[in-house]
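Please open the model in your viewer and keep the selection panel at hand. This tour moves from the whole chain to single pairs of side chains, and at each stop you are told what to select.

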Amino acid sequence: MNPFECATGAYTDRKVVQYFATVQKKDVNTRNRALEKVLANIGELDAESLEQCLYDAMPVLCQEAQESTLSLVSQILGQLLERGSFGRVEERMHLWMGSFLERQDLTGRQLVSRLAKTKRLSGILGRLSQVSSGIAWLRGKIVEAHYLRVPDLPKAKLLEINTQKEQELSLLSSLLQKIKEKHTLPASLQEHIEECVVRRLDQTKSQQKWALCAVLGTSYALDALEREAGDVDSKTFTALVTSPQFQKLVEETYQGGVQEGTNMFVRACTAIPVEGFQALGGLADRKVLLQKVLESNGLEQVAAFEVDLTESEVGRFNETVGPTKINALLQNRHQHLNPNAPALYAGLSIADRVRRADVIGGKMEEVDKELVERLTVEEVREKKIFSEAVRTFGKRFFSEEEMFSDEENLYIATHHPSLCTEHTIDLMFKHGLFPEEILSGMGEHLQGHFIAHLKSTPHETVKELYEAVKNSIGAESEALILSLLYRDPAFKNTAFKEPLAIKSIGSLPKEYILFLSERNGLRPESILQQIVEAGNEACVGALDLADDYLYLSAFFKQEAVGQTAQPMLFGETYTQWEGILAHLGRKEGCKVSLLTQALKTTHSIRGPEFPAGCARSGCVCTNSQQEVFGGEGLVQEIVRGIRFHQDAKASPAINRPLFSSGAYAEIERAFKEVVLESSRGASPSASQDSARYGFLHRLNIVSLVSEAPAEDKDLLIYALARILTATRQHTTATNQHTPLYNAILAVLPQASKRTVSFCLAQITEGTPCIYTLNYSDLSTQALHRLERFLVSSVERASLAIKTDKAWGGAMPSYRYAAYLPVLKAFGKHYASAVLNLYSIAKAEKDAIDAEIFYMMFDIPALGNVEDMEVFEWRLFLCICKEVRSIEICALISAMVRATCAWLSFLIGCEKNSLEMLGLFAQSFPGLAGIFYKSCQSRARIQKYFATTITGPLIREEAARPLQGVDMKVKSIAETHVIVATYKIEDSTLEVNAVFPKDYPLSAPTVSIVKCVGVKKQRLQRLMLRIQVLLSEFCRIGEAMALWKLALDESVNGVEECGICFFMIDEVTKFFPDAECPHCSNKFHKSCLLKWLQKSRGLCPVCREEIGSGGK
């Protein structure tokens, strides 16, 4: 029974009794929780009651106590000792002491120290000594020696020590060592130890025997030490060989003096610890001692051996000891050696030589150059020294990148950063490994490739890599990396020591360029220069720019001018850079204003408004702008043109003679007047206008131009056209100019592209000459101007535009955009003709499809329909796209597949024009799908269709009006769904057509969402037919029209139910499906059943009994 559970009398504090009743429980956790409560509330508990309870519980608490329990007891005892309530519990403290000595902890050591200071420890140890023996007794004596005095060691207790137990002998050695450290070892005690313990160890091979000998300093047999040296720990061995007895024993045992005797001892020892080298260093020969120490110790001990070998010693020990141990020793002890000295590699195999060089930092090209040249990569792998070779061989050995695996390439680049290539950078990002050596040694030629990878790398990884490379890369590369991080709050306050002039600024996001500019991170000149380059890149010529200065400049330079990129001369350049220009305008003023004016130019740079600061005469900004606006380029040329219009009179372009012949002096004078008037924004007076008209009217323009010198001819036509244009302002009768204008048009074939474009841009009426021009020479502006005349005469116009050589190559999108309205008009015109011809041909008996096909496409501009050129294909496809009849589409598709060279055409489209491939697929999806499955650029084609063709095509088709069917387009991710609904009374039949992202290359799927009236099996067959039509012909509207027609036919012949008077059953969604055998009226089956139950089986119409006879 637990004594605390029924205790009375002596225990006055019931709370203490309650706690200790739980302490007596056997469960360790329960016991510890109770002790923790005692400790937490110890200030509130009665000290005497606590002392008595602890006294009674001490045997239980200290018997096989856990460390946690013992620590809690130690803390409680410390509190009682501090409160002075310790007398009673002190009687059983020897129990606690025994447990503590077995499991020592910090709390217990602190308590023992306090017991020693309060003079209580001596009594506790005395009681422990009385009741213990062996291990417990020795532990107590060690504490006594440490804190009190030289302990009393009776012979009887010493004789009880079991000499066969290593632990007891070890504790005895520790006790004697402690006595020697704290006190003086009495001679009497030494004699007792020798008599009672050591003599019993004479025949026992034990490390503890030698430990006792070392502590006591007693004599021993040298041959025994030689035999058992391998079992003696290093500390004991050192103590033995440094004692006076050792030299005496050596002299007595061996002849020839101490050194020779010690050498013989060393050779005879089974092993000598590395610490023994220092102990015997002054007695034995170094070579002999080193040999024994290295031979008798393992790699771990040798690696910790603090000795510096000479080159000759290394060479000798290579053979006697082996390279592995020598390498372990040299790992941290080679700094005093020449790593390329031949002696260090004496007697080693090829693999061991490479390993030795790796350990001591040698270079194999200097150690053995012939060996490096002789070895192959395969041999290095076979000898398993690849990593060592990478660290010791020169980079020349690893220069052939393709010979190594990914892992090997990365490892090579880590140790030879100069061998790093773009492939290495790719491998780093592929495997997610970024060695610091590669990052810090990355050359400028690789930084761009490295940054390109960062653009698709997770943000956190980019931050880590930036921190790794920021100190080793150039300022430009750092700015490029920061363009990926600048939105991160950690980088928003990045400051730049000085503005950067970054060459690749165009690759940076515009927001980041503004970010850098606001923080003075970029030089304004570098930004402006980039904007100039961006503008020049966006525009490939100035043929559409009708300006006198640019015309004259190009004429004098004899330049051939190409086409502009977009209707706006520099595309979206100004829009893209508008924010940055606005920011820079506050600093750079004049330069930015000039550049803005140039980029906003469309078809002319003349006008009354000029950049602020440049309109006034003698602007001093010109020289400062040479850095930005110098050089050749359309932007620079336009800036010079703006300056020309600021003060045209002073410009060399207007003051120099224009013609080589003086016969055109009057024309030159009138032309220059027109240019100056235009420059000032002024208009000629009526008298000037009339004089110029009269002057032009008197000229024989055709003869004048034909006889003009070749170098003057082009400028002469331009000057005449310019003067004619200027005279129109005050002439009331426009037709007065027609003869003059026709005369200029007649000589256009002799003019340059720019002159032709300028003249055609002024067309006010159609003339036959527009169909005889070479359209390769026309600008996009001229094409737009001619559009209304070309569509009015399709036959001649289609032959005329066929002359444009751009059809033979990859026509720029902007030029095709100028032709597109014309081609659409051609397509509609010829599609209507095709429909009429098809109707006529089908009316004849025995009409052959091939004959019908060739008759429909007997078009002059097409030529041979079986072997069409690019323009002919484009015209043919424009016609086919406008043909909406599925029947005609089926005929054309079959004939194209059988007779036309469609496959070679699509192969060419894959390389040069995906736009043409898209146009082909919209009319012949089946053939396009066959090609798509076997083409080489499937991913590129699919992406083009998903982004450019599929969505607009489906929306265009769904937008076609279809009476009775409502079609809506839903786009989910890259998939498009047409939801078609057909209403029957108050019910709705709904079908979904799901189009893949690369439609019409891939087939759509059609599914029924809601089915009413029509049987589901019939509707499913109808849906399958519609799905086939959508796959073979991109005529969604027509396919849906067929679907509606089939539904109409199903609904039109249906009678209403004779009971509910609806066609659709409210529950089953079916048409009336039961019939009276007498009157043939139809009913919904569910309606009829309900009626029959209430009307005794009579028909609701004829009142005849039908019972179960209704069908």
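The stops below begin with the overall fold and then turn to the cores, one helix and some salt bridges.

**Before you start**

This is a predicted model, in which local features need pLDDT of at least 70 and side-chain atom pairs count only at pLDDT 80 or more, while totals for chains, interfaces and linings use all residues. Residues are numbered from 1 along each chain as its sequence is written, and side-chain values use heavy atoms, with hydrogens and water left out.

**The whole protein**

Show the protein as a cartoon, and you will be looking at 60 helices and six strands; helices (H or I, at least four residues) and strands (E, at least two) are DSSP runs, numbered from the N terminus. Of the 1111 residues, 50% count as buried, where buried means under 20% relative accessible area, exposed means over 50%, and partly exposed lies in between (1.4 Å probe, protein chains only). If contact means heavy atoms within 4.5 Å, then residues 24 or more positions apart account for 62% of the contacts with a separation of 6 or more.

**The nonpolar cores**

Next select F450, Y775, F857 and F876, which are the residues with the most contacts inside the largest nonpolar core, a set of 178 residues. A nonpolar core is a set of buried Ala, Val, Leu, Ile, Met, Phe, Trp, Tyr and Cys residues joined through side-chain atoms within 4.5 Å. The largest share of this core, 11 residues, comes from helix α50 (residues 813-843). Apart from this core lies another, of 68 residues, and to find it you can select C269, L283, Y345 and V359, which are among its members. In soluble globular proteins, nonpolar side chains tend to be buried together.

Return to F876 and show what surrounds it: leaving aside residues up to four places away in sequence, F876 touches F853, F857, L862, V865, M868, I892, V896 and F924.

**Helix α8**

Select residues 121-131, which form helix α8, and colour L121, I124, L125, L128 and S129, all of them buried. Where do the buried residues of α8 fall when you look down its axis? They fall within an arc of 135°, so they line one face of the helix; the arc is that of the directions from the helix axis to the C-beta atoms. On the other side of α8, Q130 and V131 are exposed. Add α5 (87-90), α6 (93-102), α7 (106-117), α9 (134-147) and α10 (155-159) to the view, since what covers the buried residues of α8 includes these helices.

**Salt bridges**

A salt bridge is a side-chain nitrogen of Lys or Arg within 4 Å of a carboxyl oxygen of Asp or Glu, and by this rule the count comes to 24.

Select D352 and R355, whose closest N and O atoms are 3.1 Å apart; both lie in helix α23 (residues 350-360), three residues apart, about one turn of the helix.

Then select K463 and D488, whose side chains meet in a salt bridge (3.4 Å, N to O). This pair links distant parts of the chain, with K463 in helix α32 (residues 459-469) and D488 in the loop between α33 (475-482) and α34 (510-518), 25 residues apart. K463 is partly exposed, with a relative accessible area of 21%, whereas D488 is buried, at 12%.

Finally, select R692 and E677, which form a salt bridge with the closest N and O atoms 2.8 Å apart. R692 lies in helix α43 (residues 686-698) and E677 in helix α42 (residues 665-680), so the pair ties together parts that are 15 residues apart in sequence. Add R669 and E673 to the selection, and you will see R669, E673, E677 and R692 linked in a network of salt bridges.
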